[in-house]
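The following exercises concern the pocket, the fold and one residue of a structure. Each task is followed by a worked solution.

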Amino acid sequence: MVNVILMAFSQDINSLKHIALMEAKMKKLSDLLSKTIEQTKENVVKKLALTYEEMEQECKEIMDGFAEGKDLVVSVMSAMGEEQICALKDIGPK
């Protein structure tokens, strides 16, 4: 009887350790992404305020970057049939 109780208790402890590990991983991931999420929000607000000319200039910069052989990461948001660039990152030459 005591062995059964100890086994159940051991399983509960292992389960709690697993949950604690998952919570720690989620917290770490949240911490790592918080700055990126905040920057993305700021970019979206900025992009919504762009004039047509500013959008055209940004498009030209992207096309010129690709033409120069740069590695660019372009993040695009799509909603309700509309697409918009929300972030651009130059990760250097090829």
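**Exercise 1.** Determine which classes of residue line the largest pocket, and which elements supply them.

*Solution.* The lining comprises four nonpolar, five polar and one charged residues. The residues concerned are T36, Q39, T40, N43, V73, S75, C86, A87, L88 and K89. The elements giving two or more residues to this lining are α1 (2-48), β1 (70-79) and β2 (82-93). The volume of the largest pocket is about 230 Å³.

The model is predicted: local features require pLDDT of at least 70, side-chain atom pairs count only at pLDDT 80 or more, and totals for chains, interfaces and linings use all residues. Residues are numbered from 1 along each chain as its sequence is written, and side-chain values use heavy atoms, with hydrogens and water left out.

**Exercise 2.** Describe the order of the secondary structure elements in the chain.

*Solution.* The chain holds two helices and two strands (DSSP runs: H or I of at least four residues for helices, E of at least two for strands). Read from the N terminus, their order is α-α-β-β.

**Exercise 3.** Establish whether E58 is buried or exposed, and which residues it contacts.

*Solution.* First, locate E58: this residue belongs to helix α2 (residues 52-67). Next, consider accessibility: E58 is buried because its relative accessibility is 17%, the cut-off for buried being under 20% (1.4 Å probe, protein chains only). Finally, neighbours within four places in sequence being set aside, E58 contacts K47, L50 and I85 (contact: heavy atoms within 4.5 Å). For the chain of 94 residues, 10% count as buried.

Definitions and conventions. On a 1 Å grid over the protein atoms alone, a cavity is a set of points where a 1.4 Å probe fits but cannot get out, and a pocket is an open set with protein on both sides within 12 Å along at least five of seven lines; lining residues have an atom within 4 Å of a point. Grid points are joined across faces, edges and corners, and a volume is the space filled by probe spheres set on the points. Ala, Val, Leu, Ile, Met, Phe, Trp, Tyr, Cys and Pro count as nonpolar, Asp, Glu, Lys and Arg as charged, and the others, Gly among them, as polar. Buried means under 20% relative accessible area, exposed over 50%, partly exposed in between (1.4 Å probe, protein chains only).
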